[in-house]
Amino acid sequence: MLHTMTTEPASLESLGVLFQSDDFIVVDKHWDIRIDSKMWYEKHTVQAQLRHRFPQLADPSTYYGFRFCHQLDFSTSGALCVALNKAAAGRAYHCFKDRTVTKAYLALVRGLVEKETQTLEFSIGKNSSEGKTHMMCIEGTEGCENPKPCQTELTVLEYGLYDGDPVTKVLLQPLTGRTHQLRVHCSAIGHPIVGDFTYSSGADDAPYRMMLHAHFLHIPLEPEPLLVSGEDPFLPTLDPKWLPQRSLRTLTTTVEALLERRLEEDRKIKEEKRERARKEEERRKGRKERRTKEEIEEQTRQCQEWLSEWAGD
């Protein structure tokens, strides 16, 4: 279910839907809109959009009406999964908890990223410095509290210019789920996301939005996985300030390769689990057979004792 992407701000009607079933809706979240809010003055939220578009699907037993399976930042657009009942929410929750979900984001970042594929492994914690408590930071930064290990896979797709300045289009795959992880990791390697006002110390305020978009989502639900791939919002036809100059690889083939790698990893993990279960079952059988043998030997010994006593009588 495609919809026309736009550079216009969000409205109550501007809710794109990428996927819909009896259990889930995946919406294409607009940039600069909150998922939900208890503030009376925030009229435009994804919750409000869902209530407006699908009033019959709102669940009165929940505070807001809809169960979001994961989060996207206010400034981030893209695929956002909504569960339509408690059972579906539970199934999705276990996939996110077990880290079997695959997500990939498109971004334009400042400068030319030289290393075409890399794993970013900066630990991230909360920033306790005055005036920065709404931010996260990498380990070693002054005021960085409780940093936790984080991993992001980065793949360069294209080089070009944004409003005359060099930028790189990248695909980002978060392997962990820390707050602001992609934004902090890109900033940490000296390539902050275009339009990221927060992590450019307020300097990058010219673009109409932050150029980070949740493009791909795969949730390995049983019996049928949920697989959603959205549109690419960073095209010159949508934003003429973006001028691609050199393409290294296509988005489609990069996402397909990413998913294939992930599915192969999952297959290996499942195979290892089966192998461990098989060995444990063999050990359990072995222990049971040894106990049975010992019990038979003990019974035989007792019978022989009884027979010898009886013969003596």
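Is C144 buried or exposed? Keep that question in mind as you open this predicted model, and begin the tour by selecting C144, which turns out to be buried, with a relative accessible area of 18%.

**First stop: two cysteines**

With C144 still selected, add C137, which counts as buried at 5% relative accessibility. The sulfur of C137 is 3.1 Å from the closest cysteine sulfur, which belongs to C144. A disulfide is assigned when two cysteine sulfur atoms lie within 2.5 Å, and the distance between C137 and C144 is therefore too far for a bond. Seen from the other side, C144 takes part in no disulfide, the nearest cysteine sulfur being that of C137. If you go on to search the whole structure for such bonds, you will find that it holds zero disulfides.

**Second stop: the nonpolar cores**

Next, select L50, F68, L171, L172, I193 and L212, which are the residues with the most contacts inside the largest nonpolar core, a set of 49 residues. Then colour strand β5, residues 102-110, since this strand gives the most to the core, with six residues. To see how one member of the core is surrounded, centre the view on L171 and leave aside its neighbours within four places in sequence; among the residues in contact with L171 are then A104, Y105 and L106, as well as E153, L154, T155 and L157. Further along the chain, L171 is also in contact with L251, T254, V255 and L258. A second core, separate from the one you have just looked at, has 17 residues, and you can locate it by selecting F24, V101, L217 and L221, which are included in it.

**Third stop: salt bridges**

The structure holds 20 salt bridges, and a few of them are worth selecting in turn. Start with R91 and D23, which form a salt bridge whose closest N and O atoms are 3.3 Å apart. R91 lies in helix α2 (residues 86-97), whereas D23 lies in the loop between β1 (16-20) and β2 (24-29), so this pair ties together parts that are 68 residues apart in sequence. Both partners count as partly exposed, R91 at 32% relative accessibility and D23 at 26%.

Now move to R67 and D59, where the closest N and O atoms of the salt bridge are 2.8 Å apart. Here R67 and D59 are both buried, whereas R91 in the previous pair is partly exposed.

The next pair, R301 and E298, meets through its side chains in a salt bridge of 2.5 Å, N to O. R301 and E298 both lie in helix α4, three residues apart, which is about one turn of the helix. R301 is partly exposed, with a relative accessible area of 37%, and E298 is partly exposed as well, with 33%. Before leaving the charged residues, select D73, R183 and D196 together, as these three are joined into one network by salt bridges that share partners.

**Last stop: a patch on the surface**

Finally, stay with helix α4, which covers residues 251-312, and select W310, whose place is in this helix. W310 counts as exposed, at 58% relative accessibility. Add W306 and L307 to the selection and switch on a surface view: with W310 they form a nonpolar patch on the surface, and the accessible area of the three together is about 410 Å².

Technical notes
Residues are numbered from 1 along each chain as its sequence is written. This is a predicted model: local features need pLDDT of at least 70, side-chain atom pairs count only at pLDDT 80 or more; totals for chains, interfaces and linings use all residues. Side-chain values use heavy atoms; hydrogens and water are left out. Patches are made of residues with over 30% relative accessible area and no salt bridge: like charges are joined within 9 Å, nonpolar side chains (Val, Leu, Ile, Met, Phe, Trp, Tyr) within 5 Å. Accessible areas come from the Shrake-Rupley method with a 1.4 Å probe; for residues, only the protein chains shown count as cover. A salt bridge is a side-chain nitrogen of Lys or Arg within 4 Å of a carboxyl oxygen of Asp or Glu. Helices (H or I, at least four residues) and strands (E, at least two) are DSSP runs, numbered from the N terminus. Buried means under 20% relative accessible area, exposed over 50%, partly exposed in between (1.4 Å probe, protein chains only). A nonpolar core is a set of buried Ala, Val, Leu, Ile, Met, Phe, Trp, Tyr and Cys residues joined through side-chain atoms within 4.5 Å. Contact means heavy atoms within 4.5 Å.
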